[in-house]
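Welcome! Please take a moment to look over the structure below, and then we will walk through some of its features together.

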Amino acid sequence: MNCFWSTILYGITGIVITGVALLVAIQDRLIYVPVVPGLTRSYPITPSRLRLFYEDVWLTSSDHVRLHAWFIKLNADHRGPTIMFFQENAGNIAHRLEMVRMMLQRLQCNVFMLSYRGYGASEGFPSQQGIIRDSQAALDHLIQRTDIDKSSIVVFGRSLGGAVGTALCKNNPDKVGALILENTFTSILGMAGILLPFLRYFIGGSSSKGLKVLNHFVRSPWNTIDIVGQVKQPILMLSGLDDEVVPPEHMQMLYAKAAPHNKRCKFVEFPDGMHMDTWLSAGDEYWTTIQQFLEEHIPEKKEGSSVASLHKSSSISHL
């Protein structure tokens, strides 16, 4: 009997040690994928290819990392709303340009696309605290501009971008007008059992069962479930029920956590929406849902007669 339990104990210890080693070695490569296999880190296209009016923006984070972004305007004189677009974990902002072009057309907005550190043309290496600093640098830049309506800044985040956007809105309740989350996970801890099934009894989010002894080794937990209830701005949650990456239950749990604290929180499901293509599969319903949300919560201001031009110090394309 003692031999039996010793074998069980050694087995569990072996799994934990293996899990720790695996987490330490590859966790960042699982969470952050700046280069999709078969592609390069550089931008395959720029907004000019799609004839979009845009500006190359260079920022410096609070910890002195040089960051790149595109500020795409509906037209030279359009002041708002301005949507801060935070992407998923894989690839770069160029891979989202088709969706952003549709966003401009359907929502009549400007879009600010940030390359996280380590992604695209941005320097550094990705991490949770680093990307939170990056998003703050992007917001600070927008707040300083004179060619947009600073009262109509909206944060949009899909998947990892939703975690980034939630943290930014929580930290800036008076600077961001609204938050849109799409197919976002509750936390990386909650996703760990999906990414690494054999570790599901040793790592997990707040709703998971098990020992969770490996939680302390996760460097980027992105516990959105723990902070979404602190977001004061209106929230629109968009959930694709055919999401093959993040189980739709994660969005439902985020809504359940946010709604009791935020009466301006709305949840919308799209039956055929997958992780990346909800905006395509849902068609008009998707864009109409966002448009109605913006009309309800983001004040519309008439264009002024004098509008500041794009910053002269930045690179500008007029296509």
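Helices (H or I, at least four residues) and strands (E, at least two) are DSSP runs, numbered from the N terminus. With that in hand, Asn183 can be placed in the loop between β6 (178-182) and α5 (188-195). This is a predicted model, where local features need pLDDT of at least 70, side-chain atom pairs count only at pLDDT 80 or more, and totals for chains, interfaces and linings use all residues. Residues are numbered from 1 along each chain as its sequence is written, and side-chain values use heavy atoms, with hydrogens and water left out.

The protein chain has an average pLDDT (the predictor's confidence in each residue, from 0 to 100) of 87, and 83% of the residues score at least 70.

Back to Asn183: its relative accessible area is 1%, so it is buried (under 20% relative accessible area, with a 1.4 Å probe and protein chains only). Leaving aside neighbours within four places in sequence, Asn183 is in contact (heavy atoms within 4.5 Å) with residues including Ser159, Asp243 and His275.

Now for the aromatic rings. Rings of Phe, Tyr and Trp (its six-membered ring) pair if their centres lie within 6.5 Å; planes under 30 degrees apart count as stacked, over 60 as edge-to-face and the rest as tilted. This rule gives eight aromatic pairs, among them these two:

| Pair | Centre to centre | Between planes | Type |
|---|---|---|---|
| Tyr43 and Trp70 | 4.7 Å | 45° | tilted |
| Tyr286 and Trp287 | 4.9 Å | 85° | edge-to-face |

Tyr43 and Trp70 are both buried, and they form one aromatic cluster with Tyr54.

Note on methods: Buried < 20%, exposed > 50% of the residue type's maximum accessible area, 1.4 Å probe, protein only.
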